[in-house]
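Reader: Could you take me through the aromatic side chains in this one, and then what sits around them? I'd like a close look, with the cut-offs spelled out.

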Amino acid sequence: MEREGARSKLILISIAIVVVWFFLFGIRLIGYFSAINERGLRATECGTQGCSDAVLFLSTAWTFSFFIVIPLIIPLVLVIYCSLKKKSS
């Protein structure tokens, strides 16, 4: 019975993280993808002056990590890790 409670708590915390992420970052990410659709990836990332391929790659990686990895993936991994660690001890 305790295991089901821990699992439901994990699911609720994960849902809360995703909802908070969506309202803080997901809506902006929708606008970002809309800008990419209208102007293209290079024009959206580099602006009107343009940039090299390396700068385009690094800008895209930074945007991906800033919008998805740091605020969404890392908290979800930490919640799952702490949940599994608590079960084993």
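Author: Here goes, starting with the aromatic rings and moving outwards from there. Bear in mind that this is a predicted model, where local features need pLDDT of at least 70 and side-chain atom pairs count only at pLDDT 80 or more, while totals for chains, interfaces and linings use all residues. Residues are numbered from 1 along each chain as its sequence is written, and side-chain values use heavy atoms, with hydrogens and water left out.

Searching the whole structure turns up seven aromatic pairs. For a pair, the ring centres of Phe, Tyr or Trp (its six-membered ring) lie within 6.5 Å; planes under 30 degrees apart are called stacked, over 60 edge-to-face, and the rest tilted. One of the pairs is F25 with F66, an edge-to-face arrangement with 6.0 Å centre to centre and 85° between the planes. That pair links distant parts of the chain, since F25 sits in helix 1 (residues 2-39) and F66 in helix 3 (residues 53-88), 41 residues apart. Helices here are DSSP runs of H or I with at least four residues, numbered from the N terminus. F25 counts as partly exposed because its relative accessibility is 21%, and F66 is partly exposed too, at 36%. On that scale, buried is under 20% relative accessible area, exposed is over 50%, and partly exposed is in between (1.4 Å probe, protein chains only).

Next come Y32 and F67, a stacked pair with 6.4 Å centre to centre and 25° between the planes. Y32 belongs to helix 1 and F67 to helix 3, so this pair ties together parts that are 35 residues apart in sequence. Both Y32 and F67 are buried. Zoom out a bit, and F25, Y32, F33, W62, F66 and F67 make up one aromatic cluster.

F57 is another ring in helix 3, but F57 is exposed, with a relative accessible area of 58%. Its C-alpha atom is separated by 9.3 Å from that of E45, twelve residues apart along the chain.

Now for charges. Side chains of opposite charge can pair when their charged atoms come close. The count comes to one salt bridge, meaning a side-chain nitrogen of Lys or Arg within 4 Å of a carboxyl oxygen of Asp or Glu. R42 and D53 form it, with the closest N and O atoms 2.5 Å apart. R42 lies in helix 2 (residues 41-46) and D53 in helix 3, so the bridge ties together parts that are eleven residues apart in sequence. R42 is partly exposed at 35% relative accessible area, whereas D53 counts as exposed at 55%.

Back in helix 1, there's S14, which counts as buried because its relative accessibility is 16%. Leaving aside neighbours within four places in sequence, S14 is in contact (heavy atoms within 4.5 Å) with L76 and V79.

Last, the largest pocket. On a 1 Å grid over the protein atoms alone, a pocket is an open set of points where a 1.4 Å probe fits, with protein on both sides within 12 Å along at least five of seven lines; lining residues have an atom within 4 Å of a point. Twelve residues line the largest pocket, and A6, K9, C82, S83 and K86 are the closest to its centre. Helix 1 and helix 3 each supply at least two lining residues, and helix 1 gives the most, with seven.
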